[in-house]
Amino acid sequence: MTEKTLVLVDGSSYLFRAYHALPLLTNSKGEYTNAILGVTNMLKKLMGDYPEAYLGVIFDAPGKTFRNDMYPEYKANRASMPEELREQIKPLHELIKAMGLPLVMESGVEADDVIGTLARQAEAAGLKVIISTGDKDIAQMVTENVSLINTMNNQWLDVDGVKEKFGVTPERIIDYLALMGDTSDNIPGVPKVGPKTAAKWLNQYGSLDDIIARADEVKGKVGESLREHLHAIPLSKELVTIRCDVPLNEAPTDLVQTTPDLEVLHEMVSHFEFNTWLRQLAASSTTQPAQQVVEEPESLLPAVELKVDTVLDEASFKQWMEKLSSAELFAFDTETTDLDYTKALVVGVSFAVEVGHAAYVPLAHQYPGAPEQLSRQWVLDQLKPLLESSNVLKVGQNLKYDANVLENHDITLKGIKHDTMLQSYVFNSTATRHNMDALAEKYLGQETIHYEAVAGKGAKQICFDQVAIEAAAPYAAEDADITLRLHQQLFAKLEKTETLKNVYETIEMPLVPVLARMEQTGVLVDAQMLSQQSSELSVKINVLETQAHDVAGQPFNLGSPKQIQEILYDKLGLPVLKKTPKGQPSTAENVLQDLAADFPLPRLILEHRSLSKLRSTYTDKLPKQINPVTGRVHTSYHQAVAATGRLSSSGPNLQNIPVRSEEGRRIRQAFIADTDFTVLAADYSQIELRIMAHLSQDAGLLQAF
């Protein structure tokens, strides 16, 4: 693969399909194994096909979802899960984890919603996405960068494939599903409307809204049925629409394929009597994959019973202030109202000076019946000298976030000595995810209290200020204690490798306050200039569309790969340079670029695509991301995401502003300096060649660079 890929596996879809596709297999103990065997065989194939890809396996969590709240009859007609299948789920999950694959489950939503959210996040980050599923509903997620593969029958669906299979483009799949309904999920739809009728109407009228508006024009019994059930269509559409904004703990780049736990894997595969797999494990046991760092087996610290102090009075608080003031280093964490640092306010703070003893100071829990708490302003005023002292050293997990939140309370965090997220990242960027839960499990052998356990999940998740203090205190205090324990483990590992320790101490840690200040400051954007550019781009896009229609000799949708394919290859007879996996002539960008050298229409289509993307991604979107308080755009810079060591940026991504085209350079001009300031652009000059010259000591390179 030339570009990074995210593979998302619809585990719930394959669980049922594998169970029904294979005979009801059992091991010698009488335990059912057919679903486990089918799903893991599929996963092994994907791991072999995409060894370098991010990969996550997503399952439905137990319990109801927001769709049940919206429509109590949702999936009410489904038969209960066979017991022969139910008993295979838990061991399958354990086996997947032993294979080194991330497993994601979110209560309150379906696996489809988690997949949709991760797919859109990955696409926005520039990743190619492959969704492995047999579920037709997920066809609505397909774009130029998101494809589907069904490993059960090896069917591949890109944009053209969706149109060929369903008769409509991916952006119309939601409308298509809403019209048909789904008897298995008890989604109403319009009775008498099947796949052919739904596709016919959408191609004839354009969209579901257009069909509703022109319902009187539809003839016959099916037209009567449509008019009779118009009231049910909005609900059906909501039920079939995949949510792409689910709050998740996992980002796409967290879904890293890690080294399998061979001991557990061998034990489980042996237990299930998967003999072919056992032989494969035996054959590969002598070959160890290369790692960033040769890790010794983790010498886990003994389990520690945590003593939690819930600080509700001034006397107890002052005792902890004395401990913190005299400590060489203390762990610090905040609990807040929002993940967005520009909006977040402190709800409580936690500390730990020694392993096994931590405190939580609740400050702004507001649920009915909440006990009286210390004044947030008073506590922060007391902490301010300590937190702003460079001589009082702190350790945290992603302290940049805490620093940004404290700035909202006029506190500038200093003395940031250690960060366990960065320690893990520098020690081995790909061994595990770098969130606290994953680090505690890997390096401490401990399962932490998860945020969802105290605040809930999905649509029913509450803000932390609504969490009962009795539940919040153990959770928050554990964060501080785990941070201290992780630091003791991880920093000791870094100290064994001087080069890694040097990178951590001289590059990564000094960068934390720099990035925090950059994020807090934000970037000034000329919204009026972007609005003007958006209007100008619209004019150019319309001109290009007219020119393309003239060259083609007929109007067509420049956003439709299928129509482009028909015009270029069927009508104009352009040479077919490349085909899709389905054998259709490709309209991918690289193919159009090659054709554009000799033919005018591909050039016009490429220009139209480029300008449309600039408008939707930048000139239309950036003004909406301006913070109403600061008047600036605030991004988040991530030190522990890209395995190569590069920074990444999100919300919005300010590292990908176009520069190669004239229009792209004009967008950059909308990033401006305040009065009496100047924007300075700096870049290394031929840095890769200079590094090559230094490392090789080649005389010619040294002279040239």
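This is a short talk on how the chain is built and how two of its domains meet.

Okay, hi everyone. One thing up front: what you're looking at is a predicted model.

Let's start with the whole chain. Its secondary structure adds up to 28 helices and 17 strands. The radius of gyration is 28 Å, and the globule rule gives 27 Å for 705 residues, which is close, so the chain is as compact as a globular protein of that length. If you lay the C-alpha trace along its principal axes, you get spans of about 80 × 75 × 65 Å.

Now, the domains. The assignment splits things into domain 1, made of 1–160 + 247–277, then domain 2 at 167–242, domain 3 at 307–521, and domain 4 at 527–670.

I want to spend the rest of my time on domain 1 and domain 4. Their centres, over C-alpha atoms, sit 32 Å apart. So how many residues are in contact there? On the domain 1 side we have 6, and on the domain 4 side 9. Together the two domains bury about 710 Å², with 51% of that on carbon and sulfur atoms. Which three residues give the most of what domain 1 buries against domain 4? That would be E144, W156 and D160, which supply 59% of that area.

As for the character of that side, the domain 1 residues touching domain 4 come out as 2 nonpolar, 1 polar and 3 charged. Charged residues or not, the rule finds 0 salt bridges across this interface. What we do get between domain 1 and domain 4 is 1 residue pair in polar contact, both at pLDDT 80 or more.

That's it from me, thanks!

Conventions
Residues numbered from 1 in each chain as written. Predicted model: local features only at pLDDT ≥ 70, side-chain atom pairs only at ≥ 80, totals over all residues. Heavy atoms only, no water. Domains from an automatic or database assignment. Contact = heavy atoms within 4.5 Å. Buried area = accessible area lost by both parts, 1.4 Å probe. Salt bridge = Lys/Arg side-chain N within 4 Å of Asp/Glu carboxyl O. Polar contact = N/O pair within 3.5 Å; in protein donor to acceptor, adjacent residues only side chain to side chain. Nonpolar A, V, L, I, M, F, W, Y, C, P; charged D, E, K, R; others polar. Helix = DSSP H or I, 4+ residues; strand = E, 2+ residues; numbered from the N terminus. Rg over C-alpha atoms; globule rule 2.2 N^0.38 Å.
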